[in-house]
Amino acid sequence: MRAAQIINGVVASFIEVEEFTEAWVSPEGAQIGDTWDGHEFSHAPAPIPAPVVPASVSMLSARRVLISTGLIAGANAYLAGLIGMDGDLARADWEFSPRVHRNNPLVIDLGSVLGKTPGELDALFIAADALDQAAQANLRAA
C-alpha cells in the first residue's frame, strides 16, 4: 500500500508499506509539505515567492517612497552637497531622468549616506515598483 510518512505532523515522503502505522498513514489527497492532525490532511499554503528587486523604477515612484519613508530631505541634502560637474550631472539625473536604476553608483552611494543596507535599498525599490504597478493598473482600468 502507498503511505505518507509523517514527521512532526508534516508529510515528508511517500513509500510502499505492508501496513499503516502511526508514522505512515494513507496518503489519500496528500502532498509533501501538507500537515496531518492525526485525522486529516491540510494542504500547505503555496510558498510566497520572494519579491523581485526591479532593475529600475520611475523617478516619481522613487521620490514618493523617499517622501513616505522620511528620506527625501536627506536625499536632497546629499545631492545639493555634491560639487563640480559630478554634482551637476547627479542633480540633472535626479531632476530629469524618467527612471532610476538600482545599480546606479549614485543610488548605491545615496543608500549608504542614508544609512540603508543593500537589502533595505532593495526594499525601497520593491516599494517603488509596487507604486509603478498600481499606476499602470489604474491606467489600464481607465
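A search of the whole structure, a predicted model, finds zero aromatic pairs. One ring does have a charged partner: the charged end of Arg-63 sits over the ring of Trp-94. Trp-94 also belongs to the lining of the largest pocket.

**Ring and charge**
- The charged end of Arg-63 is 4.6 Å from the centre of the Trp-94 ring.

**The largest pocket**
- The volume of the largest pocket is about 320 Å³.
- It is lined by 23 residues. Closest to the pocket centre are Trp-94, Val-100, Val-107, Leu-110 and Phe-125.
- Five elements are listed as giving two or more residues to this lining: helix H1 (59–68), helix H3 (84–96), strand S7 (99–101), helix H4 (105–113) and helix H5 (118–141).
- Sorted by class, the lining holds 16 nonpolar, four polar and three charged residues.

**Two sides of helix H2**
- Helix H2 spans residues 72–81. Its buried residues are Ala-75, Tyr-78 and Leu-79.
- These three lie on the same side of H2, because they cover an arc of only 95° around the axis.
- The face turned away from that buried side carries exposed residues: Ala-73, Ala-80 and Gly-81.

**Ser-68 and Gly-81**
- Ser-68 lies in helix H1.
- Is Ser-68 buried or exposed? Its relative accessibility is 60%. Exposed means over 50%, so Ser-68 counts as exposed.
- Gly-81 is one of the exposed residues of H2. Ser-68 and Gly-81 are 13 residues apart in sequence. In space they are 22 Å apart, C-alpha to C-alpha.

Technical notes. Residues numbered from 1 in each chain as written. Predicted model: local features only at pLDDT ≥ 70, side-chain atom pairs only at ≥ 80, totals over all residues. Heavy atoms only, no water. 1 Å grid on protein atoms, 1.4 Å probe; cavity = no way out; pocket = protein on both sides within 12 Å on 5 of 7 lines; lining within 4 Å. Points joined across faces, edges and corners; volume = space filled by probe spheres on them. Helix = DSSP H or I, 4+ residues; strand = E, 2+ residues; numbered from the N terminus. Nonpolar A, V, L, I, M, F, W, Y, C, P; charged D, E, K, R; others polar. Phe/Tyr/Trp six-rings, centres within 6.5 Å; stacked < 30°, edge-to-face > 60°. Lys NZ or Arg CZ within 6 Å of the ring centre and 35° of its normal. Buried < 20%, exposed > 50% of the residue type's maximum accessible area, 1.4 Å probe, protein only. Arc of directions from axis to C-beta.
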